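Student: Could you take me through one part of this structure up close? I'd like to see how two neighbouring helices sit together and what lies around them.

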Amino acid sequence: MGKGSLPPVFPKDVADKAQFDTRTRAYLSPVRVMWTQNGELIDGAQNLLLQGNGQATTAATPKVVFTAKEGKRPSILLDFGREIHGGLQFVTCIRASTKPVKVRVRLGESVGEAMCNITPENGATNDHAMRDYTIELPWLGVCEVGNSGFRFVRIDLLEDDVELPIKEIRASLLYRDIPYLGSFRSSDPRVDSIWMTGAYTLHLNLQEYLVEAPKRDRLVWLGDLHPEVRTALAVFGDNEALSRGLDFARDETPLPGWMNGMCSYSLWWVLIHRDYYKYRGDMDYLREQQPYLSQLLRILMSKVDAEGREHLDGGGRFLDWPTSEDTLAIDAGLHALMLMTLEAGGEMLTALGDKELAGQCFETAGRMKKVTPDYRTSKQSAALIALAGIVPAEKANEEVLSVGGPHGFSTFYGYYMLQAQAKAGDYAGAIRNMKDYWGGMLDLGATTFWEDFDVDWLKNAARIDELTPAGKIDVHRTYGDYCYKGYRHSLAHGWASGPTAFLSEYVLGVQIVEPGCKVVRVEPHLGDLEWVEGTVPTPYGVIRVRHDKRPDGTVRSKIEAPKGVKVIK
């Protein structure tokens with residue numbers, strides 16, 4: 001939590017327990033009135049688009065007046081321009097009666113969600129964050145409600161024969177006010193939009209803890225955190241929310257329990273810490289993890305038999321939702337994840353001086369590398385098998401990853417598919433898949449990346465930022481499975497931010513060689529791009545790079561690194 005102090009009138013025992021938010025709240029006026037019902041009963045709707053100040057007043061001021069009469073009640077749909085994390089502020093005016101007025105508020109990540117009712121058929125829920133509720137607005141006052149992810153808001157007057165004058169309806173964006181230290185620009189605006197959309201998706205989840213989505217589930221899921229941490233480091237550099245989330249998961253999961261009830265998520269905790277240590281080079285923080293890390297690695301090694309096969313049990317065997325019914329994919333993916341985890345653990349234990357346990361990790365990983373599970377049933381398992389070095393990345397790419405372009409991609413594991421294609425040298429193919437897959441969400445009006453997506457959803461699809469035309473498919477309501485059916489589907493999910501990290505790491509080409517970013521390698525791979533430029537944060541400051549493709553295909557680079565960072569090529 002943030003630092004602060006209470007006024008001196010509070011007793012010390014109360015003041016000592018006070019917690020202070022590290023986030024900022026900003027107020028945003030809607031950018032358009034999208035729809036009204038019984039619009040003749042709404043006077044001055046366009047006044048809601050004016051900039052407000054959040055203060056009720058007795059003075060004459062532009063306002064909107066909702067009136068219910070003759071059995072008719074008005075409704076309005078507002079668009080705030082892009083998805084946000086936060087709530088709503090209502091500023092009301094003087095009216096004849098001082099009795100509070102009831103309204104229904106519906107928040108939506110899509111137009112369809114804001115317009116829907118909570119029914120089993122729609123999939124809409126109030127799980128985790130209220131998005132459909134009734135409130136009472138005061139006479140001449142301010143009311144703030146809500147804590148969710150949304151872009152669209154529908155408001156319905158619920159009573160007959162009432163008048164409700166409102167000065168302002170504003171969204172309250174709750175976020176960490178931190179600079180975007182990382183950046184990316186290229187010869188392709190679509191690629192640039194993908195980088196920024198991933199960065200913004202992550203930003204919405206960088207709250208007091210790093211969570212996976214502003215609407216649902218708003219929890220610290222360790223698998224989700226791996227691509228999220230990689231994106232956060234590429235865009236913002238280090239932030240306290242990262243270590244707070246990692247420590248929260250550790251402290252909430254006494255061993256031998258699995259984090260979030262899933263064995264793979266404890267593996268991700270180790271992999272995140274390796275990446276985090278490489279970025280920060282903070283030995284003191286790594287030593288804080290050593291007792292838990294060492295015990296966890298011993299438990300993991302006990303799950304590997306003499307032949308090098310993993311036998312993870314006692315928790316859900318899970319990669320991502322699209323592979324959750326594919327046991328071959330899960331078995332192959334967990335085998336690769338376990339191998340990479342033991343290698344990462346060995347690296348950290350070596351830095352910590354525990355050469356004996358590190359050696360055991362490396363020896364176990366070596367046995368596992370001699371086993372080749374069937375990885376060809378999914379791009380998820382093929383990507384992990386390639387990244388673990390069990391099969392050549394070129395082979396996995398030719399057999400599985402490059403087949404069908406973006407078909408078979410997933411928002412979570414798509415990051416690892418891009419990495420595996422890069423490892424295979426197929427940078428152009430990776431960038432094309434990224435443009436088609438994540439770009440497909442942008443084509444449907446997305447301002448953040450989604451919990452799940454399939455390029456087949458693009459067929460005859462309406463945009464999420466419009467009322468669904470006759471004959472078109474409402475993507476948000478129609479698709480989704482498992483925990484994300486219909487409108488329950490999260491349209492701002494941090495695990496989908498991976499392309500941002502990928503572009504910084506593989507296209508700008510900035511990768512860490514020594515912990516603390518003391519040595520970095522800059523090795524650009526432009527694919528079909530003509531030029532790229534951008535910045536990558538380090539603990540010492542930002543690295544600035546510019547790469548231009550020459551007519552012969554070679555690349556001319558300009559690199560500026562801060563003092564303390566050695567650049568190798």
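Tutor: Here is a walk through one helix pair and its surroundings. This is a predicted model, where local features need pLDDT of at least 70, side-chain atom pairs count only at pLDDT 80 or more, and totals for chains, interfaces and linings use all residues. Residues are numbered from 1 along each chain as its sequence is written, and side-chain values use heavy atoms, with hydrogens and water left out.

Our pair is helix α12 (residues 414–423) and helix α13 (residues 427–443), packed at an angle of about 160° with axes 8 Å apart. Helices here are DSSP runs of H or I, at least four residues, numbered from the N terminus; axes are lines fitted to C-alpha atoms over the stretch in contact, and angles run from 0 to 180 degrees between N-to-C directions. So α12 is roughly antiparallel to α13, a label for angles over 145 degrees.

Who touches whom? On α12 it's Gly414, Tyr415, Leu418, Gln421 and Ala422, and on α13 it's Tyr427, Gly429, Ala430, Asn433, Met434 and Trp438 (contact means heavy atoms within 4.5 Å). Sorted by class, that's 7 nonpolar, 4 polar and no charged residues, with Gly counted as polar and Ala, Leu, Met, Trp and Tyr among the nonpolar ones.

Now for the loop between α11 (393–401) and α12: Tyr413 lies there and Trp268 in helix α6 (residues 263–280), so their aromatic pair ties together parts 145 residues apart in sequence. The pair is edge-to-face, at 6.3 Å centre to centre and 75° between the planes (rings pair with centres within 6.5 Å, and planes over 60 degrees apart count as edge-to-face).

Technical notes: Helix = DSSP H or I, 4+ residues; strand = E, 2+ residues; numbered from the N terminus. Parallel < 35°, antiparallel > 145°, perpendicular 65-115°, else oblique. Phe/Tyr/Trp six-rings, centres within 6.5 Å; stacked < 30°, edge-to-face > 60°.
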